[in-house]
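Take a moment to look over the model before reading on. We'll go through it piece by piece, at an easy pace.

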There are 2 protein chains.
Amino acid sequence: MKSPELNKNEKKVLSALGRAVKPLSAYDILDRARSDALKAPVQVYRALEKLSSRGLVHRIEALNAFVACSDCSHAGHDHRDQSHVHAEHRPGFVICRDCGSVREFEDERVADIAREAAGEDFAVALVSLEVYGLCAACRANA
Amino acid sequence: MKSPELNKNEKKVLSALGRAVKPLSAYDILDRARSDALKAPVQVYRALEKLSSRGLVHRIEALNAFVACSDCSHAGHDHRDQSHVHAEHRPGFVICRDCGSVREFEDERVADIAREAAGEDFAVALVSLEVYGLCAACRANA
DNA sequence: CTCGTCATGTTATAATGTTACGGACGTTAC
DNA sequence: GTAACGTCCGTAACATTATAACATGACGAG
């Protein structure tokens, strides 16, 4: 396996995300890893870029935040090659607006819908599906 | 029809978005409406909040930008009521990473997938589907 | 009228993200 | 060895996006 080419900063970021129970913004990550000698936003962003290109973390668009991938079976190769035909793998997310918890899910139909919607001549690179609402626990509280 | 309760700023913002061919950030909108006496970011954000709660504009999460809804048949009632059971209407988007053009689409299957993924106890409020890639024109150029 | 309140406007600032630059370090070629 | 190059790492400055805090003005209720 060629994966563990993670550098120091990448490990710190991934570790911070792994310990968290909800998505962290780049600055959340920075705060948590500051004690671990991570000092500037740019280091976090660089690490996140690498990690997400490998599918080890995912960006939650609507929150400007990141989660560690909960199903890392597909980790390994790098997706940065822009010339590829196939889209980057990305699960869907179910996100509670109240507590911020996130659950990943997979559904093959999504890619089909996306390709169909995009049309023949559009080269799909990434499909983002995010579902927002209130989880059972937060609904109970409210 | 009770819709046209748009105030001055909301009209300005909507008009700016309507003239644009691609998503505009809040500050893009501000620039374009500055000549029309729109002065501060917060005015734009307030207008956008109202407009998007009515479905007249949509936020493209991954771009931090906004588009006027291209299918305004569903405009009218306000979605801000948090207690509602049904999810806010939001189309899917196909977005070219190169030229920034955006096309809306509808697919009923998306809502089903979302509900299914969210599960019984999760109250879905919003489903966001965004498809990124390269449009035909930009692929030709590259 | 005077108060409360809600919409709006103004200013400042927070939060987030990117670019530019330089230094440390290892590798390769000569 | 050492010069030339590349990669990683870090700092600082900057650019962009979003919100806070407070002031003003319109308007109805009492």
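What follows is a walk through the chains, the sheet they build, and the surfaces beside the DNA.

A quick word on the ground rules: this is a predicted model, in which local features need pLDDT of at least 70, side-chain atom pairs count only at pLDDT 80 or more, and totals for chains, interfaces and linings use all residues. Residues are numbered from 1 along each chain as its sequence is written, while chains are lettered from A and ligands numbered from 1 in the order in which they are written.

Let's start with chain A. Its secondary structure comes to 5 helices and 5 strands, where helices (H or I, at least four residues) and strands (E, at least two) are DSSP runs numbered from the N terminus. Follow the sequence along and you'll meet them in the pattern α-α-α-β-β-β-β-α-β-α. Chain A has 142 residues, and 39% of them count as buried; buried means that 20 or more other C-beta atoms lie within 10 Å of a residue's own, exposed means 12 or fewer, and partly exposed is in between, with C-beta atoms placed from the backbone. Now for contacts, which need C-beta atoms, placed from the backbone, within 7 Å. Among those in chain A between residues at least 6 apart in sequence, 58% join residues at least 24 apart.

Next, the sheet. Six strands, or in digits 6, form an open sheet with mixed pairing, in the order β4(A)-β3(A)-β5(A)-β5(B)-β3(B)-β4(B); two strands pair if DSSP finds at least two bridges between them. At the edges sit β4 (102-105) of chain A and β4 (102-105) of chain B, each of which pairs on one side only. On average, neighbouring strands of this sheet are turned by 20 degrees against each other, direction ignored.

Zoom in on two of the pairings. In chain A, strand β3 (residues 92-96) runs antiparallel to β4(A), joined by 4 bridges, and A:F93 stands opposite A:E104 there. Across the two chains, β5(A) and β5(B) pair in the antiparallel sense over 11 bridges. Look for A:L129, which stands opposite B:L129 in β5(B).

A helix from each chain lies across strands of both. In chain A, α4 (residues 108-118) lies across β3 and β5 (123-134) of chain A together with β3 (92-96), β4 and β5 (123-134) of chain B, and it runs at about 120 degrees to β5(A). In chain B, α4 (residues 108-118) lies across β3, β4 and β5 of chain A together with β3 and β5 of chain B, at about 120 degrees to β5(B). For these angles, axes are lines fitted to C-alpha atoms, for helices over the stretch in contact, and values run from 0 to 180 degrees between N-to-C directions.

How many residues of chain B are in contact with chain A? There are 30, and they touch 30 residues of chain A. On the chain B side, β3, α4, β5 and α5 (136-141) each supply at least two residues, with the largest share, 12 residues, coming from β5(B). By class, that side has 20 nonpolar, 3 polar and 7 charged residues. Here Ala, Val, Leu, Ile, Met, Phe, Trp, Tyr, Cys and Pro count as nonpolar, Asp, Glu, Lys and Arg as charged, and the others, Gly among them, as polar.

Now turn to the DNA. A residue is near a strand if its C-beta atom, placed from the backbone, lies within 6 Å of it. DNA strand C is surrounded by 14 residues, the closest being A:Y27, A:V42, A:N64, B:N7 and B:A40. Helices α2 (26-34) and α3 (41-53) of chain A, together with α3 (41-53) of chain B, each supply at least two residues of that surface. Around DNA strand D there are 15 residues, of which A:N7, A:K39, A:A40, B:S25 and B:N64 come nearest. The largest share of the surface near DNA strand D, 3 residues, comes from α3(B).

One last stop is the loop between α2 and α3 of chain A, where you'll find A:A37. This residue has a positive phi of about 70 degrees although it is not a glycine, and A:A37 is exposed, with 10 other C-beta atoms within 10 Å.

Key:
Contact = placed C-beta atoms within 7 Å.
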